[in-house]
Amino acid sequence: MKKYFIRTTVATTAVLALTGCSTSNDGADNADGSASSSGTDSHGPITFAMGKNDTDKITPIIDKWNEENPDEKVTLKELAGEADAQRETLVQSLQAGNDDYDVMALDVVWTAEFAANQWLQPLKGDFETDTSELLPATVESATYNDVLYALPQNTNGQLLFRNTELAEATPEKFADLESACKALKDGKKCLTTQLKQYEGLALNTAGFIEGWGGSVLDDDGNAAVDSEKAQEGLQAMVDAYEGGIISKDSTAATEEETNMAFTEGKTAFAVNWPYMYSNAVDAGIDVEVQAPLGKDGVGVSTLGGYNNGININSKHKGTALEFMKFIINEENQKSFAEQSFPPVLSSIYDDPQLQEEFPYLPALKESLENAAPRPVSPFYSAISKAIQDNAYAALTDGKSVKDAASDMKAAIDSASQG
């Protein structure tokens, strides 16, 4: 039976105009600027909204909470399976100032947008929450303008998969793949990854940029894709594709095409999400995994997963906060790992029993410890499109890396200026 991790998704609908960046009141303001009376002492029944594809992981946790807290029951409200439809439902409710959903499971790329629109309760003041035991990159993904606006619930990171029958040696840096590729016979592909023009291309392009020391945005939120190191990473991706290290099939590959190529023994290496491990084992592939590779060693995976945020209009924010903390306790985070739903609590990855059942956990932890969130910006959809359009042109249309980086920056700058 296949075990699937949540795959990263991104909303493609246009980002709404911002109404502000943060509230000045720790008790929080409503979207219309009026003060909210709901604080950490406000308790009662709440609703939890989440995309239906993954609610099977959270349902047992809700049941356990309800048994222990009969006066503060949580009602699950399933949203559509598609990310765009989930976001649209939440945005419509929040724009109307409704409290239909007290706690919302947000794709990590929505957190900044929702925070900038003042739709989320800032987790500061009375709402301040200890995140020291969580994987740092997950906390970063839930932070906007140096304020925590959500609690990470689960995460995901990419892995480099190796078919040991096709490639015996463990590569230590990306350049090591070249020698492994030259030794392949019988028309086997070397490395397959997701370079089709969709979100996967944005993620993998960012991985090359970050893995060579660059970044998509700088610390001030400005486009940095034209920096020397960012261009070096983009050039490395283009060179690997043109030189055959990355298979030509990759520009038509999503996660599933990558999965098929690896589990059918057609490619020696693949970059994909951890769900592919059990598929490879089931297919009889002798598989080893490690963190993705960069220029000088361990590379940078883009982060996936959900962050849980409190609706600024919730009347029972105290219960909402306690429920979000409940989800990330050790017992519940272990249950996520047992369901192949990567936890955010760092210690779970060191559990010997879980490591025996899921041998990829140490590699996944290393990947996550070196991971980078997708750019924390209210304009992420536009940033992703800019990366996709220009990276694909550099890969397939002969566009120079310099021009691709320059046009990528211009598009990102234009989006951020409204």
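The following paragraphs lead from the overall form of the chain to its aromatic pairs and then to a few individual residues.

The structure is a predicted model. Its chain contains 15 helices and 11 strands. The C-alpha atoms occupy a box of roughly 65 × 50 × 30 Å along the principal axes. For 418 residues, a compact globule would be expected to have a radius of gyration near 22 Å, and the value of 21 Å found for the chain therefore agrees with that expectation. Of the 418 residues, 59% count as buried. Among contacts with a separation of 6 or more, 76% join residues that are 24 or more positions apart.

The surface and the charges complete this general description. The accessible surface of the chain amounts to about 16,800 Å², and carbon and sulfur atoms contribute 44% of that area. There are 66 negative and 31 positive side chains, and the centres of the two sets are 6 Å apart.

Attention may now turn to the aromatic side chains, for which the count comes to 13 aromatic pairs. In one of them, the ring centres of Phe174 and Phe208 lie 5.3 Å apart with their planes at 80 degrees; since an angle over 60 degrees counts as edge-to-face, the pair is assigned to that class. This pair links distant parts of the chain, 34 residues apart: Phe174 belongs to the loop between strand 7 (159-163) and helix 5 (176-182), whereas Phe208 belongs to helix 6 (residues 199-211). Phe174 and Phe208 are both buried. Phe208 also pairs with Trp212, in this case in a stacked arrangement, with 5.4 Å from centre to centre and 25 degrees between the planes. Trp212 is buried, as is Phe208.

Elsewhere, Phe48, Trp65, Phe323 and Phe326 form one aromatic cluster. Phe323 and Phe326 are among the buried residues of helix 10. Helix 10 (residues 317-327) is mostly covered, with nine of its 11 residues buried. Lys317 and Gly318 are also among these buried residues, and both are in contact with Gly39. Gly39 itself lies in the segment before strand 1 (46-51). Although Gly39 and Lys317 are 278 residues apart along the chain, their C-alpha atoms are separated by 5.8 Å. Beyond its neighbours within four places in sequence, Gly39 is in contact with Phe127 as well. The relative accessible area of Gly39 is 15%, and the residue therefore falls under the 20% limit and counts as buried.

The loop between helix 11 (330-338) and helix 12 (352-357) contains Ser346. Because its relative accessibility is 18%, Ser346 also counts as buried under the 20% limit. Apart from its neighbours within four places in sequence, Ser346 is in contact with Glu133, Leu135 and Lys365. Ser340 is placed in the loop between helix 11 and helix 12 too. Ser340 is buried, with a relative accessible area of 2%. Its backbone shows a positive phi of about 55 degrees, although Ser340 is not a glycine.

Asp186 likewise has a positive phi in a residue other than glycine, with a value near 60 degrees. This residue is found in the loop between helix 5 and strand 8 (189-192). Is Asp186 buried or exposed? Its relative accessibility is 76%, which is over the 50% limit, so Asp186 counts as exposed.

Note on methods: Residues numbered from 1 in each chain as written. Predicted model: local features only at pLDDT ≥ 70, side-chain atom pairs only at ≥ 80, totals over all residues. Heavy atoms only, no water. Helix = DSSP H or I, 4+ residues; strand = E, 2+ residues; numbered from the N terminus. Rg over C-alpha atoms; globule rule 2.2 N^0.38 Å. Buried < 20%, exposed > 50% of the residue type's maximum accessible area, 1.4 Å probe, protein only. Contact = heavy atoms within 4.5 Å. Areas by Shrake-Rupley, 256 points an atom, 1.4 Å probe, with all protein chains shown as cover. Lys, Arg positive; Asp, Glu negative; His and termini not counted. Charge placed at Lys NZ, Arg CZ, Asp CG, Glu CD. Phe/Tyr/Trp six-rings, centres within 6.5 Å; stacked < 30°, edge-to-face > 60°.
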